[in-house]
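Me: I should like to learn how the features of a protein model are read, one at a time. Please give the general idea before each case.

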Amino acid sequence: MHTVLFLSLLVLRNACLVKAHGYVAQVSIDGDIYMGNVPNAEPTPSIVRQINNIAPVKGTSNPYMNCGQAAQLAALVANANPGSQFQFWWKDGDGTNWPHDIGPIMTYMASCVGTTCDKYNSTNAEWFKIEETGLQPGNMTWYQQNIMDGFPANVTLPSNLEPGQYLIRHEIIALHLATELMGAEFYPSCTQVNILGNQTGSPTSSEEVTFPGGYSDTDPGIYDPTVFDTPVQYTFPGPPVATLVASSSSSGSSSSSLPAYTTATPVSSGASTATPTTTGQTTCKIQTQQTLAIKRRHPGTLSRIMAVLIKGRHARG
């Protein structure tokens with residue numbers, strides 16, 4: 001009886017999770033709104049590097065771990081300040097809500113060394129982590145659930161960040177298939193900004209990583225056979241959040257030596273008027289709640305059944 005119920009819930013859950021993927025559709029900086037581009041559409045000037053496919057990046061050695069699927073240079077750079085408040089609005093490929101709810105949200109930055117970010121090749125960029133968000137209090141629900149519900153991911157820039165041109169690499173890792181090796185799905189997105197001010201905080205070399213190179217496929221937070229066991233015990237992959245110690249000299253280039261670039265103008269100011277949509281998501285959320293409720297009554301079983309279902313689906317494919 002219990003096995004049939006588990007299987008029914010999990011088959012329905014997988015049907016929701018594999019329907020589509022997504023991208024960063026909109027970024028807010030201190031209330032000013034900047035639009036992204038639909039993947040593989042005719043691009044318009046933006047601060048968000050456009051990807052050509054809504055599918056996830058698979059495998060930590062994939063070159064698209066850098067800024068997403070075949071990400072292209074964006075035409076614009078937006079001004080921001082140390083301590084600026086960012087919001088990243090993720091959407092499914094069909095414009096509805098983000099479809100996943102299991103896994104961390106992390107944000108990195110990298111200096112666009114020697115040039116402006118609209119011209120910067122980020123292949124060898126040195127990234128430092130500025131935030132990591134995982135589980136809500138109680139360790140039962142991920143903050144990624146809020147993204148599925150139609151709300152943005154909120155990020156605050158370090159208050160002591162030194163000025164210069166930076167890429168912000170905002171990333172969601174979806175772990176619904178992470179019970180098997182190479183199952184994790186990576187969704188990195190890069191936004192081009194110019195940090196103003198006169199602060200002096202910069203990362204140490206030990207806090208910086210490259211992408212690919214910052215993760216391994218066997219990292220505990222990427223390959224996680226017990227991700228469905230509750231309460232969830234999770235280890236973030238990658239470096240620790242950078243402390244940004246005061247630097248004796250700027251690691252970026254002097255603004256007077258940089259080439260000209262186009263500063264972005266927001267499409268609107270003030271809080272975003274975007275409202276959460278629920279098309280195709282309500283049923284998935286209910287199924288998640290039902291699955292977790294059963295899991296609390298029968299600990300240790302869900303991950304094993306999920307792993308069997310995943311392997312069976314891959315074998316049929």
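Reply: Let us begin with polar contacts. A polar contact is a pair of N or O atoms within 3.5 Å; within protein, one of the two must be able to donate a hydrogen and the other to accept it. The model shown here is predicted. In this model, a polar atom of the side chain of Gln-69 lies 2.9 Å from the backbone oxygen of Pro-56.

Me: Where does Gln-69 lie, and is Gln-69 buried or exposed?

Reply: Gln-69 belongs to the loop between β2 (32-35) and β3 (78-80). A residue is called buried under 20% relative accessible area. Gln-69 has a relative accessible area of 13%, so it counts as buried. Leaving aside neighbours within four places in sequence, the residues in contact with Gln-69 are Ile-51, Asn-52, Asn-53, Ala-55, Pro-56, Val-57 and Tyr-64.

Me: What can be said of Ile-51, which is in contact with Gln-69?

Reply: Ile-51 also lies in the loop between β2 and β3. Ile-51 is buried, with a relative accessible area of 13%. Not counting residues up to four places away in sequence, Ile-51 touches Gly-22, Tyr-23, Pro-39, Asn-40, Cys-67, Gly-68, Gln-69 and Ala-71. Ile-51 and Asn-40 are 11 residues apart in sequence, and their C-alpha atoms are 6.6 Å apart in space.

Me: How is empty space inside a model found, and how many cavities of 30 Å³ or more does the structure hold?

Reply: Rolling a probe the size of a water molecule over the atoms shows where empty space is left. The structure holds three cavities of 30 Å³ or more. The largest cavity has a volume of about 140 Å³. This cavity is lined by 20 residues, and the closest to its centre are Tyr-23, Val-24, Ile-51, Pro-188 and Ser-189. Two elements give two or more residues to the lining, β1 (22-29) and β9 (185-195). The most comes from β9, with four residues.

Me: How should I read a sheet, and what is the order of the strands in the open sheet of six strands?

Reply: Strands of a sheet pair through backbone hydrogen bonds, either parallel or antiparallel. The order in this open sheet is β3-β9-β8-β5-β6-β11, with mixed pairing. At the edges stand β3 and β11 (208-209), each with a single partner strand, so one side of each is left without a neighbour in the sheet. The pairing of β3 with β9 is parallel, over three bridges. There, Ala-78 has Val-193 of β9 as its bridge partner.

Me: Which strands are joined to β5 by bridges?

Reply: Strand β5 runs antiparallel to β6 (residues 127-133), with five bridges between them, and antiparallel to β8 (residues 164-174), with seven bridges. Thr-107 illustrates both pairings: it stands opposite Glu-131 in β6 and opposite His-170 in β8.

Me: How many residues of β5 are buried?

Reply: Seven of the seven residues of β5 (residues 105-111) are buried, so the strand is largely enclosed by the rest of the structure. Ile-105, Thr-107, Met-109 and Ser-111 point one way, Met-106, Tyr-108 and Ala-110 point the other way, and all are buried.

Me: Which residues form the covered and the uncovered face of strand β7?

Reply: In β7 (residues 153-156), the covered face consists of Ala-153 and Val-155, and the uncovered face of Asn-154 and Thr-156. Strand β7 pairs with β4 (residues 85-92) in the antiparallel sense over four bridges. Thr-156 of β7 stands opposite Gln-85.

Me: Finally, which backbone angles deserve a second look?

Reply: Most residues other than glycine have a negative phi, and most peptide bonds are trans. Asn-40 has a positive phi, near 65 degrees. Asn-40 is found in the loop between β2 and β3 and, at 59% relative accessibility, counts as exposed. Met-182 also has a positive phi, near 70 degrees. Met-182 lies in the loop between β8 and β9 and is partly exposed, at 44% relative accessibility.

Me: Where are cis peptide bonds found?

Reply: One cis peptide bond joins Phe-211 and Pro-212, with omega about 0 degrees. Another joins Thr-230 and Pro-231, with omega about -5 degrees. Pro-212 lies in the loop between β11 and β12 (245-246), and Pro-231 is found in the loop between β11 and β12 as well.

Terms used: Residues numbered from 1 in each chain as written. Predicted model: local features only at pLDDT ≥ 70, side-chain atom pairs only at ≥ 80, totals over all residues. Heavy atoms only, no water. Buried < 20%, exposed > 50% of the residue type's maximum accessible area, 1.4 Å probe, protein only. Contact = heavy atoms within 4.5 Å. Pairing = 2+ DSSP bridges. 1 Å grid on protein atoms, 1.4 Å probe; cavity = no way out; pocket = protein on both sides within 12 Å on 5 of 7 lines; lining within 4 Å. Points joined across faces, edges and corners; volume = space filled by probe spheres on them.
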